[in-house]
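User: Could you take a close look at one part of this model for me, and then work outwards from there? A connected account would suit me better than a list.

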Amino acid sequence: MLLLCPRPRSGLERDADLQLLLVGGELLKVRSSSWKKNRFYKLQEDCTTMWHESHRTFKRNQTFSIDEIESVRKGRQSEGLQKHTEAHVEDRCFSIIFKGRRRNLDLIATSAEEARQWVNGLEKIISNMKKLNSQQTSEHWIFNCMRKADKNKDNKMTLKELKHFLRQINIEVDDMYAEVLFAKCDKSNSGSLEGPEIKHFYDLLIYREEIDVIYGKYATTGEQMSVKDLLNFLLNEQREVATMEDAVRLIERYELDDSAKQKNHMTKDGFLMYLHQEEGSIFNPAHKEVFQDMSQPINHYFISSSHNTYLMEDQLKGHSSTEAYIKALMKSCRCVELDCWDGAHGEPIIYHGHTLTSKVLFKDVIKAIKEYAFKVTLTLTHQGTSEYPVILSLENHCTLEQQKLMAKHMISILGSALLTSPLEDQMPTAFPSPQDLKGRFIVKGKRLNKLDAVFSNTSPGVEEDCVSEEDEAPYAKENTHKSKIKLAKQLSDLVIYCRSVHFSGFEHAKDNQAFYEMSSFKESKAVNLAETAVNAFIHHNMTKLSRIYPAGSRTDSSNYNPVPLWNAGCQIVALNFQTPSKEMDLNQGRFRSNGVSGYFLKPDFQRYPGTEFDPTTLTKGPWLKRKTFHIMVISAQQLPKLNKDKCKSIVDPLVKVEIDGVPADTCSKETRSIENNGFNPMWNETFQFDIQVPELALVRFLVEDYDSTSQNDLIGQYCLPLTSLQNGYRHVPLLTKHGDVIPSAGLFVHLMLLDAK
């Protein structure tokens, strides 16, 4: 066997669509109305890399990995294709959407059939890669690195190529060790490794001592683990509620050796395969689906929310785009912001007013929201979005005529999905639930009259002056004078369950505000209330919705810490989704659970009247469920190189474990750094955290490249609710700063969350 040969393609070898991609072909690349050029594209033999020609002086040929693709869209479904192409080429168009901030690749095929084959072929590859477990992904990554190190493509590996390969996989070894390793594998003394010798080298490379120790402890039946041994491991080490049938099922699913499977045994390879599956992941597989009660009033949930959703970058001169809405919605954001202003030619626009940010048409944004709010779309990281309601938070600066057009666009484009009247036949007294509102759009904004008028047929009379909720422009003066606008009845009538009102204090709200009347708080005001009147804030949020937004001074679109606001029961804690940050890691972690639905049920003590919960003092109450969290950071696998342009650049990784929750629980601990080893560093360091309020705690893993002279660089991160982790030996996936999975990388840890004594 030659290890440098391409990996089998799981039944796609004879697929006609895949064959087209492997042969390649010319596609018209579109960047603007005047820049449209033919370029040759071809899928490489590894079926994970796309090659394309480039006419740049120093980059004649370029590649990108299938891993970098977020999704593929058929037709004129990108902002670029809609703007720069005509409707008659619709069936020949498709777009490749990349993760992070990389520009979309807009392409036009020579025929509709060819476009269909490109889209189908790419989607089949993405689907196939998505089905790979982390062990298979890891193997494929190593094979690809070996292939790249084989400079003369002879399916052999010289000592020089071996050293190059080791640097590629992020491990630095001295020449003597490399020579010893090479000699150990070069049984033929030919000066190069081939066939079985490369296989021997690969086996030495991927050997994991920690797996040997764990497996050896439980494998009491000769050199293999019996079904009884496996059950013993599941019960005592993984602390799972498991039966003999569960152990048999794992052997049937993950054991590769047929003879072992017939005996109901699990080999070491099968055991490692199991540990790399979702059953061996840190994240509880049951929480990948919606598991919470979704029939509670909508204000009983934390809601994943975006601020300045239209921006791709900063809020001074950043680009406004429908793509920003699509990316947020595809991350199951359920509350998006529309900052609406008068546009040319009578069409309302969205942008950050009085700044240099670009503008996008209101109707184009509504079309994008309609298309992607509830759309099931295949990506490498997850499939689809949430089916639960989306709140359209309007920041209205338009004149009456353009407000009427806004209302017309929402009604005509969103159709029956737009909520235009209460669900009940009589005046409601509480919010409906996310379950009741599945697939619906809820408008948040100003309203001319009380909701009771819907049932009493009371006319609101003439349009009234309304004050804009937010005054975020960086030029704004610190004074109480805010611009007033008149409100059109047509737009007012679309506001049902989220009527925006000014906040005048908790007592005033209790006595005067209806349940559907909600306030928006700027960051500083909300943080102050969460510090000085947190119990009153919690009680306020039991019957009403609260939205928090970043300070206008954050012109770089940076974020604030959402955790203290969640502790205060605030539901709509809006963040700048376009800005990678710890705060966005925490947001992704908070909403990773409950099926990535964008809704997460608040704990009982934040929902029911009479609670005395105060996250800052923690008096006795049902919220105190003290836990002791033991964690051993054992090892990491295949951490990415940060400076890929420098062959000899190897990371010095360390791991930080952070708890974010109530102040008493917030804590961070870190391992030592391992010098020059990003491939298989091992720490075996143990930490203990004492947790007071586990239901509000998040665990964040952070892997950094240590630097003694400057700030450490991020290698990868992962965050999840403490209540969603599994005990025992677990693999932790790692994500980029943008929240995308790093396919081959991960941590291996041992966890134990126990009731405190």
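Analyst: Happy to start with Cys398, which is buried, at a relative accessible area of 2%; buried here means under 20%, exposed means over 50% and partly exposed is in between, with a 1.4 Å probe and protein chains only. Please keep in mind that this is a predicted model, in which local features need pLDDT of at least 70 and side-chain atom pairs count only at pLDDT 80 or more, while totals for chains, interfaces and linings use all residues. Residues are numbered from 1 along each chain as its sequence is written, and side-chain values use heavy atoms, with hydrogens and water left out.

A search of the whole structure for disulfides (cysteine sulfur atoms within 2.5 Å) finds 0. Cys398 is accordingly in no disulfide, and its nearest cysteine sulfur, in Cys340, is 5.5 Å away. Another cysteine, Cys719, is also buried, with a relative accessibility of 0%.

From Cys398 we can step to the annotated site. In the unreviewed UniProt entry, the annotation "binding site" covers Asn308, Glu337, Asp339 and Glu395; the positions are given in the numbering used here, the feature names are shortened, and such annotations may be inferred rather than shown by experiment. These residues are spread over 88 residues of sequence, yet they cluster in space, with a largest C-alpha distance of 9.9 Å. Glu337 sits in strand S13 (residues 335-341), and Glu395 in strand S16 (residues 390-396); strands are DSSP runs of E with at least two residues, helices are runs of H or I with at least four, and both are numbered from the N terminus. Both acidic side chains belong to buried residues: Glu337 has a relative accessible area of 1%, and Glu395 one of 5%. Glu337 also reaches a second member of the site, since a polar atom of its side chain lies 2.7 Å from the backbone nitrogen of Asn308.

Just before S13 comes the loop from H13, and Ser332 is found there. Ser332 has a positive phi, near 65°, although it is a residue other than glycine, and it is buried at 2% relative accessibility. At the other end of H13 (322-330), Ser321 lies in the loop that leads from strand S12 (301-306). Ser321 is buried too, with a relative accessible area of 2%. Its side chain makes a polar contact with the side chain of Glu79, at 2.6 Å; a polar contact is a pair of N or O atoms within 3.5 Å, where within protein one must be able to donate a hydrogen and the other to accept it, and residues adjacent in sequence count only if both atoms are side-chain atoms. Leaving out residues up to four places away in sequence, Ser321 touches Glu79, Tyr310 and Met312, contact meaning heavy atoms within 4.5 Å.

What surrounds this region is worth a look as well. The largest nonpolar core (buried Ala, Val, Leu, Ile, Met, Phe, Trp, Tyr and Cys residues joined through side-chain atoms within 4.5 Å) has 73 residues, and those with the most contacts inside it are Leu338, Ile369 and Met410. Helix H14 (residues 362-372) gives the largest share of this core, 6 residues. Beyond its neighbours up to four places away in sequence, Ile369 touches Tyr325, Leu329, Val336, Leu338, Leu392 and Phe441. A second, separate core has 34 residues, among them Ala636, Leu639, Trp683 and Leu747.

Further out, there are 34 salt bridges in the structure, each being a side-chain nitrogen of Lys or Arg within 4 Å of a carboxyl oxygen of Asp or Glu. One of them joins Glu517 and Lys450, whose closest N and O atoms are 3.1 Å apart. Because Glu517 lies in strand S21 and Lys450 in the loop between strand S17 (441-445) and H16, this pair ties together parts that are 67 residues apart in sequence. The two partners sit in contrasting surroundings: Glu517 is buried at 4% relative accessibility, whereas Lys450 is partly exposed at 35%.

The loop of Lys450 leads to H16 (residues 453-456), where Phe455 is found. Phe455 is partly exposed, with a relative accessible area of 32%. Its contacts, not counting residues up to four places away in sequence, are Pro422, Glu424, Asp425, Gln426, Met427 and Pro428. Of these, Met427 is 28 residues away along the chain, with 6.8 Å between its C-alpha atom and that of Phe455.
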